[in-house]
Amino acid sequence: MKKFFLLFLMYWGNHFNAQVIIADSAAVDTIEKPRYWSITGQNAVMFNQAAFSNWVGGGANNVGWLASVNENFTYEKGRDLWENIIILNYGQNTTQGLGTRKTQDVINVSTNYGRQFSKSWYTSVGASVQTQFSPGYEDGNNPQAKKISAFMAPGYVNSGLGITYRPNDNLTVTLRPANARFTFVLDKSLQLAGTYGLKNDGDSFLMQFGLYGNAIYKLKIMENIEMINTGSVFSNYLENPDHMVLAYNMLLKMKINKHISSNITLDLLYDHNQIQKTQLKQTLGVGFAYNIDNGVKRSSRKDNQTWLRK
């Protein structure tokens, strides 16, 4: 009887230990591994339309579309921070009696790598490229009018060293006291002295060196409504530092449901080498959107907030 009882205890003891080991292994497997890469953004196709029939107030039938890609790829591991932003926008509007006109045309790609030296502060190096897809014309982008811009005409390349302040995922401020700014005009028909700051006829680029600043601020206004504000400034040390290049972009994203969104954009720009006036552009569209968010960024995880640990 005692032998039977001992065998019974040994059997259930081993069985219990096996269950504990299995449970512990399952618990280890379910622990979330740190995500060093995070991807957020929105890909969308927006539409607008107006139709008239015997309308005394007047008007012309028109239909328009806008395709956009706005994505942010961020790598965070330890003291390393690497942010990459891709913004691509292109839109057209077809109006009865006028034909097709371009309404939006943006290529903006930037990258910034930082090495943390204090809470929320990084030494950083970065670069950006800004241009457009297709030619632009005077008189409301009328293809019969004079051409005033094209792909990489102008094209702007910024590259430099500085510091980045990033207290959270909603605010990033970069200041580069040493920044080279290249203006490219690769369309030969636009390579004239004075165009986009070119010094001589036939020049294809202009180099400037100065101070560059950039800030991105994301604000959640309410559920399903988010505003992204981006501003930048450049001052040329070498010539007319008071002729600063100032730019501001606002993107208001209003999510209607999982697949339908409405976007409003506002752009303000002052560039003395382009035109000595403030430029303004605004768009509104409703359409299909695919939002990307691969989960919580590592910067919001406690295991990455080293400044909170004593």
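Okay, let's start with a question: is Asp105 buried or exposed? Asp105 is buried, because its relative accessible area is 12%. Buried here means under 20% relative accessible area, exposed means over 50%, and partly exposed sits in between, with a 1.4 Å probe and protein chains only.

Quick housekeeping. This is a predicted model, so local features need pLDDT of at least 70 and side-chain atom pairs count only at pLDDT 80 or more, while totals for chains, interfaces and linings use all residues. Residues are numbered from 1 along each chain as its sequence is written, and side-chain values use heavy atoms, with hydrogens and water left out.

Now the overall picture. The protein has two helices and 14 strands. Those are DSSP runs numbered from the N terminus: helices are H or I with at least four residues, strands are E with at least two. Of the 310 residues, 33% are buried. For contacts, meaning heavy atoms within 4.5 Å, take the ones with a separation of 6 or more: 54% of them join residues 24 or more positions apart.

Back to Asp105, and on to salt bridges. Side chains of opposite charge can pair when their charged atoms come close. The cut-off is a side-chain nitrogen of Lys or Arg within 4 Å of a carboxyl oxygen of Asp or Glu. With that, the whole structure gives 10 salt bridges. Asp105 pairs with Lys102, with 2.9 Å between the closest N and O atoms. Lys102 is buried too, at 14% relative accessible area.

Next pair: Asp187 and Lys147, whose closest N and O atoms are 2.7 Å apart. This one links distant parts of the chain, since Asp187 is in the loop between S9 and S10 while Lys147 is in strand S7, residues 147–149, and they are 40 residues apart. Asp187 counts as buried at 16% relative accessibility, whereas Lys147 counts as partly exposed at 28%.

Then there's Asp271 with Arg181, a salt bridge at 3.6 Å, N to O. Asp271 is in strand S13, residues 260–271, and Arg181 is in strand S9, so the pair ties together parts 90 residues apart in sequence. Both of these residues are buried. And which residues form a network of salt bridges? Glu76, Glu83, Arg166 and Asp169 are the ones linked that way.

Two members of that network come up again at Thr172. Thr172 is in strand S9, residues 171–184, and counts as buried at 10% relative accessibility. Leaving aside neighbours within four places in sequence, Thr172 touches Glu83, Thr164, Tyr165, Arg166, Asn214, Ala215 and Ile216.

Glu83 also shows up next to Phe73, in strand S2, residues 62–77. Phe73 counts as partly exposed, at 22% relative accessibility. Beyond its neighbours within four places, its contacts are Trp37, Ser38, Ile39, Trp82, Glu83, Asn84 and Ile86. If you want a C-alpha distance, Phe73 to Thr111 is 9.3 Å, with their positions 38 residues apart along the chain.

Ile216, which we just met beside Thr172, is also a contact of Ile228. Ile228 is in strand S11 and is buried, with 12% relative accessible area. Outside the four-place window, its other contacts include Tyr217, Lys218, Asn249, Met250, Leu251 and Lys253. The C-alpha atoms of Ile228 and Leu251 are 5.2 Å apart, for a gap of 23 residues along the chain.

What about the nonpolar side? A nonpolar core is a set of buried Ala, Val, Leu, Ile, Met, Phe, Trp, Tyr and Cys residues joined through side-chain atoms within 4.5 Å. The largest has eight residues: Ala150, Ala153, Tyr156, Val185, Leu190, Tyr196, Leu198 and Leu206. Ala150, again past four places in sequence, contacts Thr131, Gln132, Ser134, Pro135, Asp187 and Leu190. So that's Asp187 once more, the salt-bridge partner of Lys147.
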